[in-house]
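Trainee: I am new to this structure and would like to go through it step by step. Please show it to me before we begin.

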Amino acid sequence: MMSINKGKEVAQGSSRSAAVGVAAPTGQQNPPPLSRYESQKRRDWITFGQYLRNRRPPVALSQCNANHVLDFLRYLDQFGKTKVHLQGCMFYGQPDPPGPCTCSLRQAWGSLDALIGRLRAAYEENGGSQETNPFANAAIRIYLREVRDSQAKARGIPYKKKKKKRNPLKSTEDSSSFPTQQP
């Protein structure tokens, strides 16, 4: 009885038969799954495209500029999860406030910075030129720097740029190649 059912499934093209051991045709191989980064980049690109289409009037990607990107970043703030205290708030500048306040939630600087990096790459991968990339505009870098600094002040935690570690072997090699002068 079992062999009759298996024959029916194969004849009817059942998906169960594929799981049993019938291989898919060689010309229809699935591409490897996308990495987490690539998946997120694709989602971000689709979201930005939807944002442009939903504007009044809609904006074509070819007409997109840094102002549209800045508007998009401000729009995303409404979905943020990071409490950013305003200067008038009694918790402004405190890393661990003792209680709740009415200050709004915003997107964290690190999230925005990573988003811009992904969108910058996606723009060029989707046919945009490096010279006209609105995500690489100086206005975007300035905006991100201002967000970073204001969020750091609001939390009372100054942002410190990480210094590059020097390779001790390289520095000794460099100094040995130059003759030392003795007085």
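**Overall layout and confidence**

Mentor: The protein has seven helices and two strands, where helices (H or I, at least four residues) and strands (E, at least two) are DSSP runs numbered from the N terminus. This is a predicted model, in which local features need pLDDT of at least 70 and side-chain atom pairs count only at pLDDT 80 or more, while totals for chains, interfaces and linings use all residues. Residues are numbered from 1 along each chain as its sequence is written, and side-chain values use heavy atoms, with hydrogens and water left out.

Trainee: What pattern does the protein follow, read along the sequence?

Mentor: The elements are helices and strands, seven and two in number. Read along the sequence, their pattern is α-α-α-α-β-β-α-α-α.

Trainee: Over which residues is the pLDDT below 50?

Mentor: pLDDT is the predictor's confidence in each residue, from 0 to 100. Its mean for the protein is 80, and 72% of the residues reach 70 or more. One stretch has a pLDDT below 50 and, beyond near neighbours in sequence, six contacts in the model (heavy atoms within 4.5 Å). Where pLDDT is low, the predicted coordinates should not be read in detail; the stretch is residues 1-21.

Trainee: What percentage of the residues in the protein is buried?

Mentor: Buried means under 20% relative accessible area, exposed over 50%, and partly exposed in between (1.4 Å probe, protein chains only). The protein has 183 residues, and the buried share of them is 25%.

**Salt bridges**

Trainee: Which residue forms a salt bridge with Glu-38 at 3.2 Å?

Mentor: A salt bridge is a side-chain nitrogen of Lys or Arg within 4 Å of a carboxyl oxygen of Asp or Glu, and by this rule the count is seven. Glu-38 and its partner both lie in helix 3 (residues 36-54), three residues apart, about one turn of the helix. Glu-38 is partly exposed at 30% relative accessible area, whereas the partner is buried at 3%. With the closest N and O atoms 3.2 Å apart, that partner is Lys-41.

Trainee: How many residues apart in sequence are the parts that Arg-118 and Asp-44 tie together?

Mentor: Arg-118 and Asp-44 form a salt bridge whose closest N and O atoms are 2.4 Å apart. Arg-118 lies in helix 5 (residues 109-125) and Asp-44 in helix 3, so the parts tied together are apart in sequence by 74 residues.

Trainee: Is Arg-118 buried or exposed?

Mentor: Arg-118 appears among the buried residues of helix 5, a list that also includes Leu-115 and Leu-119. What covers the buried residues of helix 5 includes helix 3, helix 4 and helix 6. Like Asp-44, Arg-118 is buried.

**Helix 6**

Trainee: How far apart are the end C-alpha atoms of helix 6?

Mentor: The expected span of a helix is 1.5 Å times one less than its number of residues. Helix 6 (residues 138-155) has 18 residues and should therefore span 26 Å. The distance between its end C-alpha atoms agrees, at 26 Å.

Trainee: Within what arc do the buried residues of helix 6 fall?

Mentor: Among the buried residues of helix 6 are Ile-140, Tyr-143, Leu-144 and Val-147. Its buried residues pack against helix 4 (66-76), strand 2 (105-106) and helix 5, while the face turned away from the buried side carries the exposed residues Glu-146 and Lys-153. The arc is that of the directions from the helix axis to the C-beta atoms. Seen down the axis, the buried residues line one face of the helix because they fall within 165°.

**Loops**

Trainee: Which peptide bond is cis, with omega near -5°?

Mentor: Most residues other than glycine have a negative phi, and most peptide bonds are trans. The cis bond involves Pro-57, which is in the loop between helix 3 and helix 4. It is the bond from Arg-56 to Pro-57.

Trainee: Which residue's backbone oxygen does the side chain of Gln-107 reach?

Mentor: Gln-107 sits in the loop between strand 2 and helix 5 and counts as buried at 16% relative accessibility. Not counting residues up to four places away in sequence, Gln-107 touches residues including Asp-77, Phe-79 and Gln-151. At 3.1 Å, its side chain reaches the backbone oxygen of Leu-76.

Terms used:
A polar contact is a pair of N or O atoms within 3.5 Å; within protein, one must be able to donate a hydrogen and the other to accept it, and residues adjacent in sequence count only if both atoms are side-chain atoms.
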